[in-house]
Amino acid sequence: MARRSSAQLREEKRGQEARTRTIKTSGIGGLLAVGFVVLPVSLWPEPATGDTSAEGWDLPGLEGEGRVALSGFHGKPTVAAFLASWCTGCEQEIPQLVALSQQLGDEVDFAGINSQDNGRGLGDARKRGIVGE
């Protein structure tokens, strides 16, 4: 068996120390990484709960002083679509919703909701064939 020189022994010792440091550093880094994930998730606040039921919605009607409470749509599915006159996606969606409403008849209720064009809803609804003249 060949004898190792003192230089070789020192080199081997440095290699072992380097591997030990790498293992320790990796372990600490791994624990920190897990901590950065686990800690925020464990401290994340619960979502606020509020009234998300249809009973909480009370909206002005298209005409006059009337109101529409979506809680009044009982006994069948209701599609509530949020619309705006400036929305190009809505321009494409509205004819499809009108056609679907006509196809389904009284099986499904449809409600268009627009909170930004106050006072223009009836005119826009007539223009798009949502309500008659």
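This section describes the fold, the pairing of two strands and the nonpolar core of a predicted model.

The protein chain contains three helices and four strands. Along the sequence, these elements follow the pattern α-β-β-β-α-β-α. The mean pLDDT of the protein chain is 75. Of its residues, 72% reach 70 or more. Confidence varies between the elements. Helix H1, residues 6-43, has the lowest mean pLDDT among them, at 74. Helix H2 has the highest, at 86.

Burial was assessed across the whole chain. Of the 133 residues in the protein chain, 14% are buried. The protein chain exposes about 10,800 Å². Carbon and sulfur atoms supply 58% of that area. Contacts were also sorted by separation along the sequence. Among contacts in the protein chain between residues at least 6 apart in sequence, 56% join residues at least 24 apart.

Strands S3 and S4 form a pair. Strand S3 covers residues 78-82, and strand S4 covers residues 109-113. The two strands run in the parallel sense and pair over five bridges. The chain passes from S3 through H2 to S4, and this β-α-β crossover is right-handed. Two of the bridge partners can be named. Val79 has Phe110 in S4 as its bridge partner. Ala80 has Ala111 in S4 as its partner.

The side chains of S4 alternate between two faces. In a regular strand, such alternation between the two faces of the sheet is the general pattern. Asp109, Ala111 and Ile113 point to one face of S4 and are buried. Phe110 and Gly112 point to the other face and are not buried. Thus Ala111, the bridge partner of Ala80, lies on the buried face. Phe110, the bridge partner of Val79, points to the other face.

Thr78 is found in strand S3. Its relative accessible area is 35%, so Thr78 counts as partly exposed. Leaving aside neighbours within four places in sequence, Thr78 is in contact with Phe73 and Asp109. Asp109 is one of the buried residues of S4. Thr78 and Glu107 are 29 residues apart in sequence. Their C-alpha atoms are 9.3 Å apart in space.

The largest nonpolar core has six residues. These are Ala81, Leu83, Cys90, Ile94, Leu97 and Val98. Helix H2, residues 88-104, supplies the largest share of this core, with four residues. Val98 belongs to the core and also touches Arg128, Gly129 and Ile130, not counting residues up to four places away in sequence.

Glu91 also lies in helix H2. Its relative accessible area is 36%, so Glu91 is partly exposed. Not counting residues up to four places away in sequence, Glu91 touches Ser85 and Arg128. Glu91 and Arg128 are 37 residues apart along the chain. Their C-alpha atoms are separated by 8.8 Å. Arg128 is therefore touched from H2 by partly exposed Glu91, and Arg128 is also among the residues that Val98 touches.

Terms used:
Residues numbered from 1 in each chain as written. Predicted model: local features only at pLDDT ≥ 70, side-chain atom pairs only at ≥ 80, totals over all residues. Heavy atoms only, no water. Core = buried A, V, L, I, M, F, W, Y, C linked by side-chain atoms within 4.5 Å. Buried < 20%, exposed > 50% of the residue type's maximum accessible area, 1.4 Å probe, protein only. Contact = heavy atoms within 4.5 Å. Areas by Shrake-Rupley, 256 points an atom, 1.4 Å probe, with all protein chains shown as cover. Pairing = 2+ DSSP bridges. Right-handed = clockwise from strand over helix to strand, strands pointing away. pLDDT = per-residue confidence, 0-100.
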